[in-house]
Amino acid sequence: MNFPLDKFKQIPTPFYYYDMSLLQYTLDEIKRCIAGFPFKVHYAVKANANATILEQIRRAGLGIDCVSGGELAAAISAGFAGNEIAFAGVGKTDKEIAAGIDSDIFCFNVESLPEMEVINEIAASKGKVARIAIRVNPNIDAHTHKYITTGLNENKFGINVPQLNDVVDAALAMQNVELIGLHFHIGSQIRETEPFIMLCEKANELLQHLEARGVKLSIINVGGGLGINYDDPDGDAIAGFDQYFGIFKQHLKLREGQELHFELGRAVVAQCGSLITRVTYVKTGIVKKFIIVDAGMSDLIRPALYQAHHKIENISATGTPTETYDVVGPICESSDCFGTDETLPITHRGDLIALRSAGAYGEIMASRYNCREFPAAIYSE
Ligand SMILES: *Cc1c(COP(=O)(O)O)cnc(C)c1O
């Protein structure tokens, strides 16, 4: 990525930098892959709810997947119509459900029987019928980090397959919910094809089963989870959309009139964002050299939370000679570390460092821990 270094020199660090033309290219690639198919992508706003980014995503024609009342409000204020919004989450409160019904959202992705009962009651009190899809936990191991796998029986999400019949019966018996589909989401940062193929097979099996019972569904929602290349953000700036959508084109047997919905988050926004931070000190220890930067886990928590690694680049110094460093933040936690034994050009106080692929689950997860300021956001145009 070409960073505008002259512009950066004027800006207080740390800040998130978003390459809006890369975001546009990513959105264009998604549109190219789904053109001509009854596919619809709802962007998972939890990956990044930045208003400028939401605006560009809205203009590209994607819908929204939200998981809280706050996200619903962010989507509405970014101009998304209610019928472009799906609402998931295991713990929707009465207030959040009421807000969704008031906004006439496209669909609630329902994760339990008690939740469905509450949606039915609140919709009834408003004289409305709420569309719902049942989130099924397909018991598929996404082979990803245990904190971001969601489709196993032991996870808190969704309805387990053996309980599906009863929940479908309950939905059909309710006056103020309309069952329109099934929803799945098996995890995040999935870079293998196999879990998605297994998901298609599971969905086919359940669709056939429900069809045999006379249950008609108009949407199948296969969630998100497509991973990106954190090691090579420049070589692989665009996620494997062709392959990913190709799996569903090949393996998922949609019925006449059915639509297939996706809820991609990370794959839409991760590569367009970088966290830009300045080197405060270079410190020589007994066995290690440390680069201490002015960004910390309060700005980008993924390394501390998931042992994730973001590619680290010194964008002020390039080439040789190099040195081996641990790159750490200023926060009083040992987990406040962005990389160990990183090979970087000889680095000095004042150099700018880019933590790459930080557009998803970066800025949105920032906190004020240690009473730090939130990082700013800067856009390429
Ligand atoms: C987090 C989430 C997504 C998006 O996941 P990504 O890995 O960012 O694509 C989609 N659907 C649901 C229900 C989610 O919770």
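A residue is called buried when its relative accessible area is under 20%. With that in mind, welcome to this structure, which is a predicted model.

**The chain as a whole**

Let's start with the overall picture. The chain holds 11 helices and 17 strands. Its 381 residues would give a radius of gyration near 21 Å if they formed a compact globule, and the chain has 22 Å, which agrees with that expectation. Measured out along its principal axes, the C-alpha trace covers about 70 × 40 × 35 Å. Of the 381 residues, 55% are buried.

The accessible surface amounts to about 16,100 Å², and carbon and sulfur atoms account for 50% of that area. As for charges, the chain has 34 positive and 47 negative ones, and their mean positions lie 2 Å apart. Contacts also reach far along the sequence: of those between residues at least 6 apart, 72% join residues at least 24 apart.

**Two domains**

The chain is divided into two parts, and domain 1 is made of two stretches of sequence, 5–14 and 271–379. Domain 2 takes in residues 20–269. Their centres, taken over C-alpha atoms, are separated by 33 Å. Where the domains meet, 21 residues of domain 1 are in contact with 22 residues of domain 2.

**A look at helix 5**

Helix 5 runs through residues 94–102. Which of its residues are buried? They are Glu96, Ile97, Ala98, Gly100 and Ile101. These buried residues pack against five elements, listed here with their residue ranges.

| Packing partner of helix 5 | Residues |
|---|---|
| Helix 4 | 69–77 |
| Strand 4 | 85–87 |
| Strand 5 | 107–110 |
| Helix 6 | 113–125 |
| Strand 6 | 130–137 |

Just after helix 5 comes Asp104, which adopts a positive phi of about 50°.

**Near the start of the chain**

Pro4 sits in the segment before helix 1, which spans residues 5–9. Is Pro4 buried, partly exposed or exposed? Its relative accessibility is 26%, so Pro4 counts as partly exposed; the partly exposed class lies between the buried limit of 20% and the exposed limit of 50%. Pro4 also has a partner from far along the sequence: Ile315 is 311 residues away in sequence, yet the two C-alpha atoms are 10.0 Å apart in space.

Technical notes. Residues numbered from 1 in each chain as written. Predicted model: local features only at pLDDT ≥ 70, side-chain atom pairs only at ≥ 80, totals over all residues. Heavy atoms only, no water. Helix = DSSP H or I, 4+ residues; strand = E, 2+ residues; numbered from the N terminus. Rg over C-alpha atoms; globule rule 2.2 N^0.38 Å. Buried < 20%, exposed > 50% of the residue type's maximum accessible area, 1.4 Å probe, protein only. Contact = heavy atoms within 4.5 Å. Areas by Shrake-Rupley, 256 points an atom, 1.4 Å probe, with all protein chains shown as cover. Lys, Arg positive; Asp, Glu negative; His and termini not counted. Charge placed at Lys NZ, Arg CZ, Asp CG, Glu CD. Domains from an automatic or database assignment.
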